[in-house]
Each structure stands twice: as C-alpha cells, then as structure tokens.
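Reader: I'd like to go through some of the labels people put on a structure and see what backs them up. Can we take them one at a time?

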Amino acid sequence: MKLSTLLIALTLLCGFPASAQRSEGWLPLEEWPAGEILSVEEIAQQGIEAFFVAEPLSDPLFGRMWSLSFKADCTVPREELRYLKVLHCNQSGETLRGELVCHASLAEDLLAIFRQLYEARYPIERMVLVDAYGADDGRSMADNNSSAFNFRRMVGSSKLSKHSLGRAVDINPRYNPYVKKVGDRLRVEPPEATPYVDRSKKFPYKITADDLCCRLFKAYGFTWGGDWHSLKDYQHFER
C-alpha cells in the first residue's frame, strides 16, 4: 500500500480531526493533481469535457479540508459543497489543472465561466485549494492563488465571509487587492499587493471592469468587489 493511501485510510478510520496537522504536507489528489501543466495532446486525448467537472466532496478530499478550510464549527453542510475540476492558463500561456470548492448552487455557472476564460486564454496564475496554505488566506493571496470556499471571517470583522458559504471566488489576488481606508491609513490585503493599489498602472493579471473575467462573472449574476464604494476588493466576486 502506498504511503498516501495509508494516510488517507488512517485519517478516515481515526476521524477527520487527525488531518489538522497536514497543512504543510499537503498533496494534490492523485486523480486530479491540481497545478500540473498539461499539453494540448493530453487534453485532446481525453476531450475537453473531462476537464470541467463538478463533483460531491469525496472522503479523501474532505479529509484534506477538515479543520483547515472546513472547520469543526462550519455552518455549511458538506453535502451542499461541490469540488470543481477546471483548466486555466497562466501568463506564459501554459495550461494547468485547477481546483475550487464552491456551493452546489454555483457549480454549473462557475464551470461555464472558467471554461470560457480558459478558451479565451484569460490568464489565471494558480488555482489550488486554500488548504494547500493551511487555509491561511493571507498566504494564499500572496502566492496569487485563486480560490473560493474557506470557512473564515471577513477581513477586520467578526462576520462570516461569503467564502464561508462557498459563494465567493477570488481571482489573481496578489494583483487585485482588498483596499480600505482605516483612519488615516490604507489597509491592503495581501500587503504584497500594495504596488497594485494604483489601478491606472499596467501589470499582469489585472482585473478591470471591462475585461472578460469581470464581464463573465457579472453576466452570471455575481457582484464584483471593484464596484463597491466603502472599500475595493478587486479580486472578489460573490453571489
């Protein structure tokens, strides 16, 4: 028996809380190694439909999420969440496997959005579950990782984020920061995104009101954080 299989079996046998210490030892699921670069030939061989799929959360996947993005006090039942397998392109034009967890009610629309973004070669640098970063949103954003479900509070608040419900997606967050004026200072999340607060500048992975990403999400009924007035959250789409 392979070590990865043994670990999963032990986790399921002993209960999901045992996975709490696995944040630094995260490995992608064997059947969908998110982050892997694919060739045109590999995609053609299987057919594009095989690369845009929504599934219930499997036991190995749920074990990977438990106590990280899916915490013990999570208010969303596991059955209401879906695991999305998608493709995306980075700035270099490479095609990668991507993954997201979202609310079941958004799954089909998100598959349609990401398929259109992929076919248009819209650049998304990285898309793995936030559990790869120990469910630490700051680390995930700093690495420009696009993600969705994560049971957590809103920035600077005790209220649950829409991400806690699986009803929000952040795209290319390092280049599209959360920006809010707090007293006489500017709060920027992640701090590494400070150089990209000035939206008049040109830089890669920038989301604007008229680009394809923003137009597609809005067409499917999502609200864009870049349109908000009390603060700006350029990475953020919610419904």
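Author: Let's start with burial in this predicted model: W32 is buried, and F51 is buried too.

Reader: What makes W32 and F51 a tilted pair?

Author: Their ring centres are 6.1 Å apart, with 55 degrees between the planes. Pairing needs centres within 6.5 Å, and tilted covers planes that are neither under 30 degrees apart nor over 60, so the label fits. The two sit 19 residues apart, W32 in the loop between helix 1 and strand 1, F51 in the loop between helix 2 and strand 2.

Reader: Why is the pair of F62 and F70 called edge-to-face?

Author: Here the planes make 75 degrees, at 4.8 Å centre to centre. Over 60 degrees counts as edge-to-face, so that's the name.

Reader: And how do you know whether F62 is buried or exposed?

Author: Buried means under 20% relative accessible area. F62 comes in at 6%, so it counts as buried. F70, at 7%, therefore counts as buried as well.

Reader: Okay, helices now. Why are helix 4 and helix 6 described as roughly antiparallel?

Author: They pack at about 155 degrees, with axes 10 Å apart. Angles over 145 count as roughly antiparallel, so the description holds. Their crossing is right-handed.

Reader: Which residues of helix 4 and helix 6 make the contact?

Author: L110, I113, F114, Q116 and L117 from helix 4 meet L212, C213, L216 and F217 from helix 6. By class that's eight nonpolar, one polar and no charged residues. F114 and F217 also belong to a cluster linked by ring pairs, along with F222, W224, Y234 and F237.

Methods
Residues are numbered from 1 along each chain as its sequence is written. This is a predicted model: local features need pLDDT of at least 70, side-chain atom pairs count only at pLDDT 80 or more; totals for chains, interfaces and linings use all residues. Side-chain values use heavy atoms; hydrogens and water are left out. Axes are lines fitted to C-alpha atoms, for helices over the stretch in contact, and angles run from 0 to 180 degrees between N-to-C directions. Helices (H or I, at least four residues) and strands (E, at least two) are DSSP runs, numbered from the N terminus. Angles under 35 degrees count as roughly parallel, over 145 as roughly antiparallel, 65 to 115 as roughly perpendicular and the rest as oblique. A crossing is left-handed if the near helix is turned anticlockwise from the far one by less than a right angle, and right-handed if clockwise. Contact means heavy atoms within 4.5 Å. Ala, Val, Leu, Ile, Met, Phe, Trp, Tyr, Cys and Pro count as nonpolar, Asp, Glu, Lys and Arg as charged, and the others, Gly among them, as polar. Rings of Phe, Tyr and Trp (its six-membered ring) pair if their centres lie within 6.5 Å; planes under 30 degrees apart count as stacked, over 60 as edge-to-face and the rest as tilted. Buried means under 20% relative accessible area, exposed over 50%, partly exposed in between (1.4 Å probe, protein chains only).
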